[in-house]
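Me: Please take a close look at one part of this protein and walk me through it slowly. I am in my first year, so give the cut-off for each term as it comes up.

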Amino acid sequence: MDALRVPVSRAGYRDLLRFARRWPEAIGAIEGAGGLGAPLTSRLAADGISPTDVPAKLARRVRLLSTGHGRKSDEADALSVGITAHTATRLHTAQIDEAIAALRSLTEHRDDLVRTRTQTVNRLHALLTKLVPAGLSRKLTADTAAAALRGIRPKASLARTLRGLARDLVAEISRLDRRITTVTEQITGAVAESSTTLTELHGIGDLLAAKILTRTAGVGRFRSEAAFA
């Protein structure tokens, strides 16, 4: 067995291609080709190479049977993925749906923005308890916080500093709100363009439909309804 370890870079990718071309009949295999392996899958597809998509669950079983334990290493991972690609049945050729990949990027970006907003609101709450008796309601918005700060005219140095920091956080929350709104509109547009019927189901809006689409990443890759379930 021959092996090659390359960096995640253009030079590393070129080295990988040169290495693979030493075996003209060789097949490619990627663990999680639609997830973490998606960037590499896209690059290979652009060069006319369609690797096999190896589910992480199958590769883990092979690694466990081969080594007697489930501990991971780069070499053990590569070997188990290769063995799985050669021996498992009904594996699919990795295909990247660019529209779904773009939708996944949007939903993940929105989740990050919402998470950051929550952290910022929590920080603002902590500051306001030092400026406003009993603080403000848990359902804090940039507008309610700004209105409260307008009624505060501290004279002490500490209170003035805290008010200035609170104003900065209010501005940050407003900025995050605008970004979240923009990304949400992009997700809504992408879901509409996908022609999915998920939103026709009761209780499923555009955001939930987007997450289902990105997690499924092409329902055709499942061999049956039971396999999808």
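Reply:
**T120 and its surroundings**

T120 has a relative accessible area of 4%, so this residue is buried (buried means under 20% relative accessible area, exposed over 50% and partly exposed in between, with a 1.4 Å probe and protein chains only). The model is predicted: local features need pLDDT of at least 70, side-chain atom pairs count only at pLDDT 80 or more, and totals for chains, interfaces and linings use all residues. Residues are numbered from 1 along each chain as its sequence is written, and side-chain values use heavy atoms, with hydrogens and water left out.

T120 sits in helix 5, residues 98-128 (helices are DSSP runs of H or I with at least four residues, strands are runs of E with at least two, and both are numbered from the N terminus). A polar atom of the T120 side chain is 2.8 Å from the backbone oxygen of T116. This fits the term polar contact (a pair of N or O atoms within 3.5 Å; within protein, one must be able to donate a hydrogen and the other to accept it, and residues adjacent in sequence count only if both atoms are side-chain atoms).

Helix 5 also holds I100. Its relative accessible area is 13%, so I100 is buried. In sequence, I100 and R215 are 115 residues apart, yet their C-alpha atoms are 9.3 Å apart in space.

Away from helix 5, one aromatic pair turns up in a search of the whole structure (ring centres of Phe, Tyr and Trp, the last by its six-membered ring, lie within 6.5 Å; planes under 30 degrees apart count as stacked, over 60 as edge-to-face and the rest as tilted). The partners are F19 and W23, edge-to-face, with 5.1 Å centre to centre and 70° between the planes. F19 is buried at 16% relative accessible area, whereas W23 is partly exposed at 37%.

How far should the model be trusted? The mean pLDDT of the protein is 82, and 87% of the residues score at least 70 (pLDDT is the predictor's confidence in each residue, from 0 to 100). Among the elements, helix 7 (residues 157-193) has the highest mean, 94, and strand 3 (residues 92-93) has the lowest, 64.
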